[in-house]
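Please walk me through this protein model one region at a time, with the reasoning behind each assignment set out. I would like to see how the strands, the cysteines, the pocket and a few single residues are described.

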Amino acid sequence: MKKYVLISFILCALLMLGGCGEKEKTFVAGENELIHLTSTPMGGVETYEIYTTNIMIYVDGTVKIYASDFVKWLGKEEDIPEITLNITPEQIEEIKQLIVENDLYNLRENVGNKDGISGTLKQMTIYAVDGTNTTGGVSVSNRQFTRSYDRIENLVREDLFLYQSEINKIQYQGYIEFINRRVEFMDRGNECLFNHQDINDVYAHTEEISDEEKVYYVIVEFNQHGGELLRELSDSATADNTEILTLYLSGNYETQITITGPLNDYKLHIPQASEEDALALATKIKECMR
């Protein structure tokens, strides 16, 4: 009798423990976000090609495609573009059906290749009235995930391709400008006397001549090597026998500097019309220094 009581007790305990496990969540769509797809290359591409492509889909059919998480955004002054489009109510229902059929709201966080260190990181975040669930990984082979991801992405494939092409073009052009940037000071014979490697610092400077008069400069402060070359060049300069330097930034003409006397402090003064002009040129030179 005691034996049967003990067995019954153990069975009850096991049933109770089983009942304590985490229950699966039931997906019920909310009123705003529905699903967010992201894709990020993790290796095998150039640095300027590494960024995250986002597809944010809302319950009302609005879709926003945008890029984020750049190693470096090379678009200069440009804001990162994004596009907004709409899909049909039927396509929204198709997405909801995929979420339910493939149990995406309960899919574990990492369904990727656990040994994968390169490839593409793909993730989906599912939004419901009671919370969210993010799932994905690197080089995912899970059929529930890949089937759903590919079907949803295919709904905006053409717009996505055009958007990524635009981003890649901006990044590549910026990269080419980045690797070609340089600062060069040329002499009368168009020979380069100094470049960015000879410069310690560049900054704007305002000099007060009187209470009503100010002059504005960009000061290029050279290191010892550049400073000695500057001193040697300027030693024989006078108001009647000037030396001329021409500043090129990334191969493009910027301005000329006239030297009228010896420069012994390793500093080259470039006159500017205003404080704003001085700040702008100093910033431009710094951006071209590698």
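A residue is called buried here when its relative accessible area is under 20%, exposed when that area is over 50%, and partly exposed in between. The structure to which this scale is applied is a predicted model.

Thr-135 offers a clear case, because its relative accessibility is 0% and it therefore counts as buried. This threonine belongs to strand β6, which covers residues 131-138. Leaving aside residues up to four places away in sequence, Thr-135 touches Leu-104, Leu-107, Arg-108, Glu-109, Val-111, Lys-122, Gln-123, Met-124, Ile-126 and Phe-145. With one of these neighbours there is also a polar contact, since the side chain of Thr-135 reaches the backbone oxygen of Arg-108 at 2.7 Å.

The same scale can be applied to a whole strand. In β2, which spans residues 52-58, seven of the seven residues are buried, so the strand is largely enclosed by the rest of the structure. Burial extends to both faces: Thr-52, Asn-54, Met-56 and Tyr-58 are buried on one side, and Thr-53, Ile-55 and Ile-57 are buried on the other. As for its partners, β2 runs antiparallel to strand β1 (residues 33-41), to which six bridges join it, and within this pairing Thr-38 stands opposite Asn-54. Strand β3 (residues 62-68) also pairs with β2 in the antiparallel sense, again over six bridges, and here Ile-57 has Val-63 as its bridge partner. The connection between β2 and β3 is a hairpin with three residues between the strands, and Gly-61 in the turn has a positive phi of about 100 degrees.

The cysteines come next. A search of the whole structure finds zero disulfides, and the sulfur positions of two cysteines can be examined against the cut-off of 2.5 Å that a disulfide requires. The cysteine sulfur closest to that of Cys-192 is in Cys-288, and because the separation is 13 Å it is too far for a bond. Taken from the other end, the sulfur of Cys-288 has that of Cys-192 as its closest cysteine sulfur, likewise at 13 Å and too far for a bond. As for their surroundings, Cys-192 counts as partly exposed at 36% relative accessibility, whereas Cys-288 is buried, with a relative accessible area of 10%.

Cys-288 also leads to the largest pocket. Its volume is about 550 Å³, and 19 residues line it, of which Lys-76, Glu-177, Arg-181, Glu-287 and Cys-288 lie nearest its centre. At least two residues of the lining are supplied by each of α4 (157-180), β12 (252-259) and α6 (275-288), and α4 gives the most, with four residues.

A last stop is Arg-231, which lies in helix α5, residues 224-234. Where does Arg-231 fall on the scale of accessibility? With a relative accessible area of 27%, Arg-231 is partly exposed. Its C-alpha atom is separated by 5.4 Å from that of Leu-263, although the two residues are 32 residues apart along the chain. Not counting residues up to four places away in sequence, Arg-231 touches Leu-263, Asn-264 and Tyr-266. Asn-264 takes part in a polar contact as well, its backbone oxygen lying 2.9 Å from a polar atom of the Arg-231 side chain.

Definitions and conventions: Residues numbered from 1 in each chain as written. Predicted model: local features only at pLDDT ≥ 70, side-chain atom pairs only at ≥ 80, totals over all residues. Heavy atoms only, no water. Buried < 20%, exposed > 50% of the residue type's maximum accessible area, 1.4 Å probe, protein only. Pairing = 2+ DSSP bridges. Polar contact = N/O pair within 3.5 Å; in protein donor to acceptor, adjacent residues only side chain to side chain. Contact = heavy atoms within 4.5 Å. 1 Å grid on protein atoms, 1.4 Å probe; cavity = no way out; pocket = protein on both sides within 12 Å on 5 of 7 lines; lining within 4 Å. Points joined across faces, edges and corners; volume = space filled by probe spheres on them.
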